[in-house]
Amino acid sequence: MPSKETQGAAGGNPVATSQLANRIWAGLGARPKDHGAAVVDKAKVTWRVGDGPNVSAATGYAFAVAMVACIVGFLFIPDNLEWAKVHMEWLEGWKVGGRISFLDWCGSCMVCFGYRRAAEKALLEGEKHARETHHSLLSHHASTLITCTFLQFGGTSLTGIFLGQVWSWSCGNHVVLAFLLAWWLTFSCPFDAWYRLMNTPFVNMPVKTFAAISAAHAVTSWGLEKAVTSEHPRMHNSVFGALVCGYLSGSMGWMVVAYFESGGALIRSSAPTWAMQRTFYMVPLYYLLTDPHGLMAETRKGAAMWVTDATGVTVPWEAFSKSAGKVVIASCHLVFMYTLDICGLDLLPLLNNFLSKVTILIAPSNMDLPFHYKPVPEKSTTPEKLTAAVKLTTEPVKSWDASPPPPLEKVKSDKATPGKATPGKGKKTK
């Protein structure tokens, strides 16, 4: 089965990248040495608030703020923004040697690398499915080639199915060649040189950086914009269609593989992945910035006029261009990645916590949900004899308490004749 390490175009290797973070934290004395890859890997797949790495809060937030200031603050200078817009469009269409798409190659490298790590781990653990899949060289190559293809392009394939048009990635030889090169380097490179290099942060981090930009383009150019410029004119004005395509292309490749491998069981038993959480915020952000259907023009104009009247500062109210929107989304992807891999701080649980509080205010649920109340035990005629059992079954164990609850005292059954005490016992059992 596909591991969550392979989910998303910019899945990455937390083992390699967290080594750099460990050195930084150890040098500052702000992070214990035993906080390593396992902690960072757990943070990448969590949906629950509070499961992130246990680092110093003040130091972690300071690093996160500095990272955001370095990446996003760069864009507030007009000349820098124009430079970023031009180079973002150039990078999206750059082909190495005129034949291989660079961004698709970086994204494919991370997907193949993550899948190989997951497959090797499954084989070492003796997983039956992994042993059957890789029992021969032919089945190994077929499995890795097909699985990695849909891990990388499964989201855009679902977008093509949703729009009723051909898969865009299959129309360009430069995309297919980029994927095949990444697959060959990961699984068949002589002396396994490429895989060894990818296990070092000096190669992994740069490739992962461009893979994060590739994932941003999956949300924008290869996702939401596909609906706005669809071959079917009726889809051009659909807000729902634009948002769905952004979500499908941004993070749904793993679901395609998981569905065919487990019949949907893995999808039902898994929480939303880290890539799904990130896409959940990026799609509406890009839509609000670019406003492709012009639905918020009057709202933006009114808000800009109110700010201008209140502060005397002229505020532009026009929507962002597509190029500027792509720069913002790519910057957000880099902020999420760097704060997690270098600072050890996952920003997504913080956003999830904020969203949950806003949701409670805007759309509270009137249903009796499990987290609304504490189960009450049924009344008994002899409550004094059930006090310990009721306490153990009704009071939840705190998640940070690793010690198990104290076991109930085991009562031995008395099989002696009624009315007679058990031999060797001075007291009767209550």
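Cysteines, Asp 291 and Thr 147

The count of disulfides in this predicted model comes to 0. A disulfide would require a pair of cysteine sulfur atoms within 2.5 Å. For Cys 106, the closest cysteine sulfur is that of Cys 109, and at 6.3 Å it is too far for a bond. Seen from the other side, Cys 109 is likewise in no disulfide, since the nearest cysteine sulfur to it is that of Cys 106, 6.3 Å away. Cys 106 has a relative accessibility of 1% and therefore counts as buried. Cys 109 is buried too, with a relative accessible area of 1%; the cut-off for buried is under 20%.

Asp 291 is placed in the loop between helix 14 (274-290) and helix 15 (297-311). Although it belongs to a loop, Asp 291 is buried, its relative accessible area being 6%. Its side chain takes part in two polar pairings described here. In one, a polar atom of the Asp 291 side chain lies 3.0 Å from the backbone nitrogen of Leu 295. In the other, the side chains of Asp 291 and Arg 300 are joined by a polar contact of 2.8 Å. Arg 300 also appears among the residues that Asp 291 touches once those up to four places away in sequence are set aside; the others are Tyr 286, Met 296, Ala 297 and Ala 319.

Thr 147 belongs to helix 7, which covers residues 137-163. With 8% relative accessibility, Thr 147 counts as buried. Beyond its neighbours within four places in sequence, Thr 147 is in contact with Tyr 115, Val 257 and Glu 261.

Terms used:
Residues are numbered from 1 along each chain as its sequence is written. This is a predicted model: local features need pLDDT of at least 70, side-chain atom pairs count only at pLDDT 80 or more; totals for chains, interfaces and linings use all residues. Side-chain values use heavy atoms; hydrogens and water are left out. Helices (H or I, at least four residues) and strands (E, at least two) are DSSP runs, numbered from the N terminus. Buried means under 20% relative accessible area, exposed over 50%, partly exposed in between (1.4 Å probe, protein chains only). Contact means heavy atoms within 4.5 Å. A polar contact is a pair of N or O atoms within 3.5 Å; within protein, one must be able to donate a hydrogen and the other to accept it, and residues adjacent in sequence count only if both atoms are side-chain atoms.
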